[in-house]
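Here are my notes on the model you asked me to look over, set out as numbered points. I have kept to what can be read from the coordinates, and I start in the middle of the fold before working outwards.

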Amino acid sequence: MTSFDTSPTLTVWRALLAVAVVFVMLATTGWSAVRDQQADGPRELALAAWARDRIAGHALPEADAPAYRLAHFFATLTSGQRFALADKYPSVVGNLNGVPVTLRYHANRVALGQAVAVEKTRAHDERLSPDGRDEARARLDRFRSLLKGDRQILAFDPSGKGRAAEVFGDLDRAARVSVVVPGVDTNLLTLERSKRRYAAPVGMAESLYGAERSASPGTRTAVIAWADYTAPAGLGMDAALGGLAAEGAVRLNAMVGALPGTSKVSLFCHSYGSVVCGVAADRAPGRVADIAVAGSPGMRAASAGQLETGARIWATRDGDDWIGDVPHMELGGIGHGADPVDPAFGARIVSAAGAAGHSGYFEPGTESLDNFAAIGVGAYGSVSCARADSTCHSGISGERDG
């Protein structure tokens with residue numbers, strides 16, 4: 001800790017920042033309320049039609065019904081009936097927790113095909129501004145990419161900036177499932193990148209899946225690139241507050257709780273994604289065995305114990321990650337609490353050797369990726385502790401401790 005960190009100047013600055021935020025929030029409340037009152041989009045119309053529909057003489061379940069109830073309903077249908085519903089209501093079925101994952105993949109391919117048709121029209125719509133048409137072309141390219149090959153799209157919602165989730169591996173057969181939870185500026189257009197591939201959610205998950213298979217070829221694994229929450233846009237007020245993290249945490253826990261089988265789950269949470277995971281921790285399903293954070297601004301907690309979870313908490317940060325220069329604090333709801341790589345926090349601190357900058361943790365060849373893979377497959381004895389923490393193996397018994 002530097003002298004600046006404890007100076008009266010910094011204390012005053014923090015207090016002034018808190019006051020400023022209150023005024024900003026008050027000034028923008030009305031605008032936010034108007035912004036959120038949008039006209040019904042295609043998915044809202046589909047949900048309304050779903051609520052009125054029937055199949056084989058029976059009403060369809062509520063779309064927000066618990067996952068177990070939705071799973072039971074779809075189990076009572078014939079294969080033909082299931083696919084008929086997926087084809088009729090792809091934007092609904094493709095996003096329902098509890099629906100068989102292979103049916104969700106099918107529904108989301110149908111929904112992507114429909115989204116391609118929409119963006120094709122928009123890309124040539126002269127009523128749109130040049131920027132609007134450019135955005136339509138970018139979305140068109142993204143949707144076409146998601147349709148290539150046999151990609152397994154677990155969730156897809158093109159409304160607004162968009163949300164999605166993609167699966168690598170066989171979720172139905174996996175014994176270990178890893179979930180990559182990304183941070184700020186996550187949306188459909190940033191879901192994957194050709195440059196800086198491993199800084200985007202799909203690249204992160206694909207890299208982790210490959211590393212896990214190399215680390216333990218005999219372990220049935222699956223990895224989810226989970227960009228199915230509304231992330232902050234840039235480093236503005238939303239990134240400093242916990243509202244979007246709280247909403248994301250509910251969605252994350254719902255998805256994890258509905259995963260098929262009895263697989264152990266590990267969460268790998270990057271940047272603001274670690275805020276989401278921190279908020280989710282105390283209500284995370286019991287199958288969550290590990291929560292690992294990288295480049296974290298905080299987990300909305302003063303210590304690992306305050307997260308109130310039975311999952312092991314792991315943390316890492318490379319030496320040139322700018323997030324280390326951000327004050328780890330919480331004041332009047334602003335900021336995300338203590339630094340998870342501070343030994344006093346109580347996380348298991350692991351090496352990030354080879355990683356560079358804020359987005360390099362999933363680069364092949366880095367110790368951060370190798371450590372994530374070892375955690376993901378339960379090979380805890382292979383984890384490399386950071387030099388500052390030689391006790392990251394403490395209390396873990398056995399190579400495959402579950």
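**Notes on the predicted model**

1. β7 and strand β8 (residues 288–294) pair in the parallel sense, and the pairing runs over six bridges. The chain passes from β7 to β8 by way of helix α11 (residues 272–280), and this β-α-β crossover is right-handed. Within the pairing, L267 stands opposite I291 in β8. Please keep in mind that this is a predicted model, which applies to every point below.

2. On its other pairing, β7 is joined to strand β5 (residues 176–181), again in the parallel sense and over six bridges. Here V181 stands opposite C269 in β7. As for its surroundings, strand β7 (residues 264–270) is mostly covered, since six of its seven residues are buried by the calculation.

3. C269 also takes part in a disulfide, being joined to C277 with an S to S distance of 2.1 Å. The link of C269 and C277 is left-handed, with -90° about the S-S bond, and both C269 and C277 are buried.

4. How many disulfides does a search of the whole structure find? The search finds two, and besides the link described above there is a disulfide that joins C385 to C392, with an S to S distance of 2.0 Å. The link of C385 and C392 is left-handed, with -90° about the S-S bond. If the bonded cysteines of the protein chain are numbered in sequence order, the pairing reads 1-2, 3-4.

5. Are C385 and C392 buried or exposed? C385 has a relative accessible area of 21% and is therefore partly exposed, whereas C392 counts as buried because its relative accessibility is 0%. The value for C385 deserves a careful reading, because the cut-off for buried is under 20% relative accessible area.

6. The loop between α11 and β8 contains R287. With a relative accessible area of 15%, R287 is buried, and so a charged residue is covered at this place in the loop. R287 and T262 are 25 residues apart in sequence, while their C-alpha to C-alpha distance in space is 7.4 Å.

7. The strands discussed so far belong to an open sheet of eight strands, which has the order β3-β4-β6-β5-β7-β8-β9-β10 and mixed pairing. Which strands stand at the edges? They are β3 and β10 (348–349), each of which has a single partner strand, so one side of each is left without a neighbour in the sheet. As general background, strands of a sheet pair through backbone hydrogen bonds, either parallel or antiparallel.

8. The antiparallel part of the sheet can be followed from β3, which pairs with β4 in the antiparallel sense over five bridges, and in β4 the bridge partner of D157 is R163. β3 and β4 form a hairpin with five residues between them, and G160 in the turn has a positive phi of about 60°.

9. β4 in turn pairs with strand β6 (residues 221–227) in the antiparallel sense, over six bridges. Among the bridge partners in β6, A222 is matched with G169 and W226 with A165. Strand β4 (residues 163–169) is largely enclosed by the rest of the structure, because seven of its seven residues are buried.

10. The second largest pocket has a volume of about 570 Å³. It is lined by 23 residues, of which P42, V118, R139, P158 and S159 are the closest to its centre. At least two residues of the lining come from each of α2 (42–52), α5 (90–93), α6 (101–123), α7 (130–147) and β3 (152–157).

11. Which element supplies the largest share of the lining of the second largest pocket? That element is α6, with six residues. By residue class, the lining of the second largest pocket divides into 10 nonpolar, five polar and eight charged residues.

Key: Residues numbered from 1 in each chain as written. Predicted model: local features only at pLDDT ≥ 70, side-chain atom pairs only at ≥ 80, totals over all residues. Heavy atoms only, no water. Buried < 20%, exposed > 50% of the residue type's maximum accessible area, 1.4 Å probe, protein only. Helix = DSSP H or I, 4+ residues; strand = E, 2+ residues; numbered from the N terminus. Pairing = 2+ DSSP bridges. Right-handed = clockwise from strand over helix to strand, strands pointing away. 1 Å grid on protein atoms, 1.4 Å probe; cavity = no way out; pocket = protein on both sides within 12 Å on 5 of 7 lines; lining within 4 Å. Points joined across faces, edges and corners; volume = space filled by probe spheres on them. Disulfide = S-S within 2.5 Å.
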